[in-house]
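Hi there,

Here is the structure I promised to pass on to you. Have a look at it first, and then read on for what turned up.

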Amino acid sequence: MIPQIKPDFVSLSDKPKETNVHPRPQGHASHGGQARPQHTAARGRQINNPKNIHSQTHKPKRHAQPKKSDSLKIIPLGGMEEVGRNMTIFEYGDDIVILDMGLQFAEEDMPGIDYIIPNISYLKGKEKNIRGVIFSHGHMDHIGAAPILLEKLGYPPIIGRDLTVALVKNRLEDYSPKSTKNLKIIRVNSVDDRISLGNFRIGFFNVEHSIMDAVGVIINTPHGTVIHPGDWTMEKDSASHKAVTYHHLANLPRPKVLMLESLGAVDYRTSTTTEEEMYTNIERLIGEAKGKIIIATFSSQVRRIGHILEFAAKVGKLVALDGYSMKMYVDIAKELGYIKVPPKTIIPVKDIHKHPENKIIILCTGAQGEGNAVLSRIMTGEHRFIKIKKEDTIIFSSSVIPGNERTIQRLKDSLYRQCDNVIHSDIMDVHTSGHSNAASIKEIIKQIRPDYFLPTYANHFFLKEAAKLAMDVGVPKEKIFVLDNGSVLEFENQRAKVLPKKADTSYVFVDGLGVGDIGHIVLRDRQMMSKDGMFVVITIIDKQTGKVKNSPDIISRGFIYMRESKELLAETRKKVKEIVEQTTTAGHPINWTYVKDNLRDKLGQFLYNKTERRPMVLPVVIEV
Ligand SMILES: [Zn+2]
C-alpha cells in the first residue's frame, strides 16, 4: 500500500505558506552561496535509479475513518535513554507512522558488538498498519538501522529529502546489494509538501542541523499535532540570510506536542559564531598555510566540505579526499548537485606528491580519533601517502563527541609533536555545532508555544534538564513528559497519559552480519574474557579407572603469563587431578557433564583464591 500525496492539503495551519517565509530558497542549501539545485533536475540524475513514488500509478486505498475511540499513541523505541537508536512510533487507530531508524554504537562494555538497533517487537503483527517511515535526516543515529528494520517490516514507504534518501539507499546497498529495489520512496521536495499516511497528515518545516536536507516533521491527527524538528540547532542571522525560525509552528492545531531533541540542555555556552565566520576562519588558514593543509571533519558535513572544495578551486589549490565515508558523501552530494567543483580540483590521494605541498588540501575523516580512520593513520605514520611535516596545518573542524575526549586528547598531543600548526575549535572558530544549547531550547519553546513538551533524542539527564528549561519558560509541569524507551504516551480528547505497559526495548545487538543472535549470555562471556581472560584445561581421563592420564594441558589467554606462573600452573594441574578423582569412581560409568561442571566451578574458585581474578574456565575432557 502506497500512501498518496495530496498536492495542496489540510488545515495544518491557517497560513500554510508561512512555512516558507524566508527569502532564500529552501532553507539549508543557500548557505555560503550554494544554491539548492532544482529538484526536477536532480531527480533526473538519481543514484541507483530509484523508484520514485511520483512516477508510479497506484490506486489510493481508502482508509477506514478513525473511530471516536481511536487515540494517538507515541511510543519511542529508542533515543530516550541514549544518544542514538532514535526511532519513534506514532499510532492512531489502524495506522502507524515511524520517525527515524537509527543505530546506537556499542558501549565499552559490549566487546565485539558493532552496534545496537531498536527493538521492534511492538510492531510484530502490526506490519500491515505501517503507512510510512519518515527520516528526519541522514545521520547514522537516525538512518543506521534502516537496512535491517525496513526489511523486517516488509519495506514500508520511506519519506525524506534527497540527501537523506540517497544516504538511506547507500546504507541499504552497503548492507545488502540490490536491496534498494524494494524501496518505495516519497521525496520531500519542499517543506510545503503535505502527505497523507493513513489517517495521519504529515507536514514539514525547515530546521538547521549539521547535515544538509534535515527536515522537521509535523504529524497531525485529530487528537494532537506532534512537532518534531529531528536534530536541530538555532541558526544565527548572518550577513547573507535570515536564520530559520519556528514562530509559524505556533499556529498549528492544538494540542501541539513538541518532541524536542535536547542534547544541548546543559550547554550554557553562548556561541555567536555564524557559519560564515567559520568559513572566513578556515579560508584565512588555507590562504596563510606554508605547507599542506589537513582538514579533519565529519564526512556528513556536506555543506562545509562543498564550501572548502569551492574555495580551493577559487584559490587554485587541489583537494585529496581520504576516508571511505568522505568519498561516499562527496560522490552523493555531487550527484545531487549539492557540491559543484571543477573536475581537476579533486585529485587522488596517491598523487599528492606530484604537486607542490602548499597546493595541497587533504580532507579526511578521523577527527574523533577513531583508530582505523585516516587521521589516526597519518598520526602514527602508517598512511602510505600522507606524512606530517612541521610546517603543515592541521585543522579539526569538528566537535568532540561525548565519550571520545581522551582519545582525541591523545591524538592532539601526538599531532602537536609533529606539527607546529594544529588548529581546533578551542583556539579558533573552525567548527559550528549542529546541536542547540540551553538558551536555544528555551527560545524554540517560546516560539512554538507547545501545549505538551516531550524532550527526546538524548540521555535521561539531558531530558530532565530540558524539562526544567521548559518549565522556566512557562510550560506547566503536568504537561511535560520525560519518557523512557518503550513508554506509551496516549493523547485523547486533549489529555495525555502514560499507559502502564511498556513496549519491549531490550537491546538488539548487531555483530558482524548477525542481527539479534548475540544474546546477553554471549555478551557476558565476552565481558568476562575481556576482563580476566580465559583458561583452558585439557584433561585426558581413563574411562576404566576414572583417573587422569598424563599431565593436563593448560592454555591461558589474557589471564596470567604462563612462563612467569610455573608454580601456579603446577598447583593447578594437581588440583585438576584431585577434582577429577573426587568425581569419578573406578569401574562405574563416568558422568562426563558432571566432571566438566565440577572442573569449571572448582577450578574457577581455586584460581580466584590464588589470583583474585575470574577468567573464563573452559574444561576439555578427553576420554580414552
Ligand atoms: Zn543529526
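The secondary structure of the protein amounts to 14 helices and 28 strands. Please keep in mind that this is a predicted model. The mean pLDDT of the protein is 86, and 87% of its residues reach 70 or more. The part to treat with care is residues 1–61, where pLDDT stays under 50; the model nevertheless has 107 contacts beyond four places in sequence for these residues.

On the overall fold, 44% of the 624 residues count as buried. Among contacts with a separation of 6 or more, 74% join residues that are 24 or more positions apart.

Now to the sheets. One of them is an open sheet of six strands with parallel pairing, in the order 17-16-18-15-19-20. Its edges are strand 17 (346–347) and strand 20 (421–423), each of which pairs on one side only. Inside this sheet, strand 15 (residues 293–297) pairs with strand 18 (residues 360–364) in the parallel sense, over four bridges. If you want a spot to zoom in on, Ile295 has Leu363 in strand 18 as its bridge partner. Helix 7 (residues 324–335) lies across strand 16 (318–322) and strand 18, and runs at about 120 degrees to strand 16.

Another open sheet has three strands, and here the pairing is mixed, with the order 27-26-28. Strand 27 (548–557) and strand 28 (616–623) are the edge strands, each pairing on one side only. From one strand to the next, the twist averages 15 degrees. Strand 26 (residues 534–541) and strand 27 are antiparallel partners over seven bridges, and Val537 stands opposite Ile554 in strand 27. Helix 13 (residues 566–583) packs on this sheet, where it touches strand 26 and strand 27; the direction of helix 13 makes about 130 degrees with that of strand 27. Helix 14 (residues 592–611), for its part, lies across strand 26 and strand 28 and runs at about 145 degrees to strand 28.

There is also a helix pair to look at. Helix 10 (residues 438–448) and helix 11 (residues 460–472) pack with their axes 9 Å apart, at an angle of about 50 degrees. The two helices, helix 10 and helix 11, are therefore oblique to each other. The crossing of helix 10 past helix 11 is right-handed. On the helix 10 side, the contact is made by Ala438, Ile441, Lys442 and Ile445, and on the helix 11 side by Ala466, Leu469, Ala470 and Asp472.

Finally, a single residue that you may like to click on: Val215, which lies in strand 12 (residues 215–221). Is Val215 buried or exposed? Val215 is buried, because 25 other C-beta atoms lie within 10 Å, and 20 or more are enough to count as buried. Leaving aside neighbours within four places in sequence, Val215 is in contact with Ser136, His137, Arg161, Val188, Val191, Phe204, Val207 and Gly230. One of these, Phe204, is 11 residues from Val215 in sequence and 6.6 Å away in space, C-alpha to C-alpha.

Happy to go through any of this with you whenever it suits.

Best wishes

Notes:
Residues are numbered from 1 along each chain as its sequence is written. This is a predicted model: local features need pLDDT of at least 70, side-chain atom pairs count only at pLDDT 80 or more; totals for chains, interfaces and linings use all residues. Two strands pair if DSSP finds at least two bridges between them. Axes are lines fitted to C-alpha atoms, for helices over the stretch in contact, and angles run from 0 to 180 degrees between N-to-C directions. Two residues are in contact if their C-beta atoms, placed from the backbone, lie within 7 Å. A residue is buried if 20 or more other C-beta atoms lie within 10 Å of its own, exposed if 12 or fewer, and partly exposed in between; C-beta atoms are placed from the backbone. pLDDT is the predictor's confidence in each residue, from 0 to 100. Angles under 35 degrees count as roughly parallel, over 145 as roughly antiparallel, 65 to 115 as roughly perpendicular and the rest as oblique. A crossing is left-handed if the near helix is turned anticlockwise from the far one by less than a right angle, and right-handed if clockwise.
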